[in-house]
Amino acid sequence: MILRVKNRVYDFFDNAVVSLKYNAIASTFSMGAYFNPDNEDHKALMRPCDYAPVEIEHDGELLLTGTLLSHSFSSEAKKGLVALSGYSKTGVLEDSDIPLSIYPLQSDGLAISDIARKLIRPFGISLVVDNSVSSEAGSAYISSNASVSQSVKGYLSELAKQKNIILTHDERGNLVMTRAAVQRPVFDFDGSIPGVRYQLQVDGQQMYRTAHIVGQSDADGGNAREASITNPLVPGSVVREKTQTQSSGDDNDSGLAARNLLSAQLRGIKLTIEIDRWKLGGSVIRPGKIISVRDPELYLYNTTNFFIESVDLSLNSKQETATLTCVLPEVYTGETPTNIFAQ
């Protein structure tokens with residue numbers, strides 16, 4: 001792994017973890033680094049509150065473009081490492097409120113893509129809109145309001161949920177609006193591969209048979225906002241319901257908002273896979289890919305596709321490991337899931 005700080009390669013580090021995330025505004029990293037307080041280069045690279053630019057690569061693949069955020073120094077007889085951590089360039093959007101320089105907070109007749117570009121411009125961040133959501137991202141709101149104490153990420157996430165748009169980021173530090181497409185698995189796990197450990201968790205408390213979106217008509221007298229959706233994994237004989245108010249958008253967006261509620265439920269099914277390497281099929285494992293799994297020990301009697309939502313890449317002087325956190329693809333694709341536990 002190569003660590004660049006301020007465009008300079010820094011070689012003296014260990015216990016590195018790079019957490020690549022799909023459904024998040026930023027990925028994160030941490031590591032222990034050697035620090036010589038008398039070395040001018042080390043002093044320049046390790047200066048706290050400098051928010052130094054960072055790039056992380058592995059075998060020629062760029063993994064993260066971000067910011068060095070936190071330092072933890074220690075002084076004792078036995079020389080230790082400085083604990084460093086940070087996040088993607090887009091992480092600042094979660095920490096920072098909307099800048100006063102771009103007030104007022106009300107946006108009339110603007111699409112979410114227009115609002116996003118306006119909000120992220122002061123931070124030097126660019127927006128990428130994937131073709132899968134170009135229509136929704138370009139659809140204008142009649143009116144939308146942010147609150148004074150709301151973070152940039154918080155406001156944009158609220159708007160994105162109404163359009164069933166995923167806010168994520170890429171390895172270059174851009175903000176990305178997307179929706180996962182149906183795709184073929186890049187790797188098949190059948191439960192017999194050596195050096196692989198699995199865990200499947202199912203949170204039934206997070207699941208509902210029916211989810212409803214409700215809201216009043218807009219100020220111009222449009223239709224009242226209302227939509228419902230059923231979760232096929234919960235039997236029809238079970239009474240479990242969820243209702244949520246639609247705070248923005250119009251009645252045309254209600255179906256998307258209801259589908260987003262179902263996606264939130266499906267997160268209650270989580271598969272974790274730990275592998276003793278960083279690569280599958282010759283490339284570093286990344287979020288946003290599909291894998292397939294069949295393992296009766298996990299109550300997966302049939303081959304089931306899972307979507308890689310995040311990957312923790314860990315590296316020390318002895319080994320490298322990758323921990324994959326996966327959810328059902330329908331969390332992102334918008335398709336109707338099947339009951340994966342049916343025999």
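The backbone nitrogen of Arg172 sits 3.0 Å from a polar atom of the Asp170 side chain, in what is a predicted model. Asp170 itself is buried (under 20% relative accessible area, with a 1.4 Å probe and protein chains only). Below you will find that loop, a helix, two residues with positive phi and the nonpolar cores.

Before you dig in, two notes on the numbers. Local features need pLDDT of at least 70 and side-chain atom pairs count only at pLDDT 80 or more, while totals for chains, interfaces and linings use all residues. Residues are numbered from 1 along each chain as its sequence is written, and side-chain values use heavy atoms, with hydrogens and water left out.

**Around Asp170**
- Asp170 belongs to the loop between strand E11 (166-169) and strand E12 (175-178); strands here are DSSP runs of at least two residues, and helices are H or I runs of at least four, numbered from the N terminus.
- Asp170 has no salt bridge (a side-chain nitrogen of Lys or Arg within 4 Å of a carboxyl oxygen of Asp or Glu).
- The nearest side chain of opposite charge is that of Arg172, 5.0 Å away; Lys and Arg count as positive and Asp and Glu as negative, with His and the chain ends not counted.
- Setting aside neighbours within four places in sequence, Asp170 is in contact (heavy atoms within 4.5 Å) with Val128 and Val176.

**Helix H5**
- Helix H5 (residues 152-163) has twelve residues and spans 17 Å from first C-alpha to last, close to the 16 Å expected at 1.5 Å times one less than its number of residues.
- Its buried residues include Tyr155, Leu156, Leu159 and Lys163.
- Asn164 follows H5 and has a positive phi, near 55°.

**Positive phi outside glycine**
- Lys6, in the loop between strand E1 (2-5) and strand E2 (8-10), has a positive phi of about 55°.
- Lys6 is partly exposed (between the 20% buried limit and the 50% above which a residue is exposed), at 29% relative accessible area.
- Asn15 lies in strand E3 (residues 13-21), and its phi is near 50°.

**Nonpolar cores**
- The largest nonpolar core (buried Ala, Val, Leu, Ile, Met, Phe, Trp, Tyr and Cys joined through side-chain atoms within 4.5 Å) has 65 residues.
- Strand E22 (residues 300-315) gives the most to this core, with six residues.
- Phe189 is among the residues touching the most other members.
- Apart from this core lies another of 27 residues, including Ile112 and Ala160.

Definitions and conventions:
A polar contact is a pair of N or O atoms within 3.5 Å; within protein, one must be able to donate a hydrogen and the other to accept it, and residues adjacent in sequence count only if both atoms are side-chain atoms.
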